[in-house]
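Student: I am new to this structure and should like to study a single part with care. Please describe the pockets and the residues that line them.

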Amino acid sequence: MNAETETETAPETTAQDMSEHADDNAAADAPSTVEDQDEAAAGTDPDADRIARLEQEGDIAADYLEELLDIADLDGDLDIDVEADRAAVSIVGADLSQLVGRDGKVLEALQELTRLAVYRETGERSRLMLDISGYRADKRARLTQLGAETAAQVAATGEPVSLDPMSPFERKIVHDAVAAAGLRSESAGVEPRRYVVVLPADA
């Protein structure tokens, strides 16, 4: 009696099978849900990167200003924030008027020195804003009121009004207040005597 031996041959692997197998592996590696895709993209959020960079600027500025306060033997608390797409550092103390100076000139100089300190560490130009004892906050409120009152005057008379010379920071506040009132303004003159002209609506 002869025993017959059956042999099974492995199915032939085709190029199509290999392609389908590769596709299955790729699908397994890909994020399976919208949540997974969001998590995969989270590391490249441009807003988060921008805020982190501005917070870093604030930290560098705070370290620089703390050293300055120690050298000058002055007491002050530092507050770091991100405002209007720029780092903002405020120093609050009992008597820091000498760091503000007449018409804020010392404050402006300290702000430029602080920006240079940030640039030295990061290699990038900074638009950091420095305030001391609320000087800039108070000035912002006064200039906003000036812009609104001047806009009301121009709207009532129909005549343009020129304001006193201001720094770029001050002019920006006035421009914003005039625009909020529905009128138009422009800067005229040459630095450091550049000023704002508030124009009637039909100008």
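Tutor: For the classes used below, Ala, Val, Leu, Ile, Met, Phe, Trp, Tyr, Cys and Pro count as nonpolar, Asp, Glu, Lys and Arg as charged, and the others, Gly among them, as polar. The model is a predicted one, in which local features need pLDDT of at least 70 and side-chain atom pairs pLDDT 80 or more, while totals for chains, interfaces and linings use all residues. Residues are numbered from 1 along each chain as its sequence is written, and side-chain values use heavy atoms, without hydrogens and water.

The largest pocket (an open set of points on a 1 Å grid over the protein atoms alone where a 1.4 Å probe fits, with protein on both sides within 12 Å along at least five of seven lines) holds about 610 Å³ of space; this volume is the space filled by probe spheres set on the points, which are joined across faces, edges and corners. Its lining (residues with an atom within 4 Å of a point) comprises 25 residues, and Arg86, Met129, Arg136, Arg140 and Phe169 lie nearest the centre. Two or more lining residues come from each of β1 (77-83), β2 (86-92), α4 (105-122), β3 (129-132), α5 (135-157) and α6 (168-180); these names denote DSSP runs numbered from the N terminus, helices (H or I) of at least four residues and strands (E) of at least two. The largest share, five residues, belongs to α6. By class, the lining of the largest pocket has 13 charged, nine nonpolar and three polar residues.

The second largest pocket contains about 400 Å³ of space. It is lined by 16 residues, and the closest to its centre are Asp103, Lys105, Met166, Ser167 and Glu170. Here α4, α5 and α6 are the elements that supply two or more residues to the lining. Seven of the lining residues are nonpolar, seven charged and two polar.

Met129, which lies among the residues nearest the centre of the largest pocket, belongs to β3, a strand covered on both faces. Met129 and Asp131 on one side, and Leu130 and Ile132 on the other, are all buried, that is, under 20% relative accessible area with a 1.4 Å probe and protein chains only. In a regular strand the side chains alternate between the two faces of the sheet. β3 pairs with β2 in the parallel sense over four bridges, where pairing requires that DSSP find at least two bridges between the strands. In this arrangement, Ala88 stands opposite Met129 of β3.

Conventions. Buried means under 20% relative accessible area, exposed over 50%, partly exposed in between (1.4 Å probe, protein chains only).
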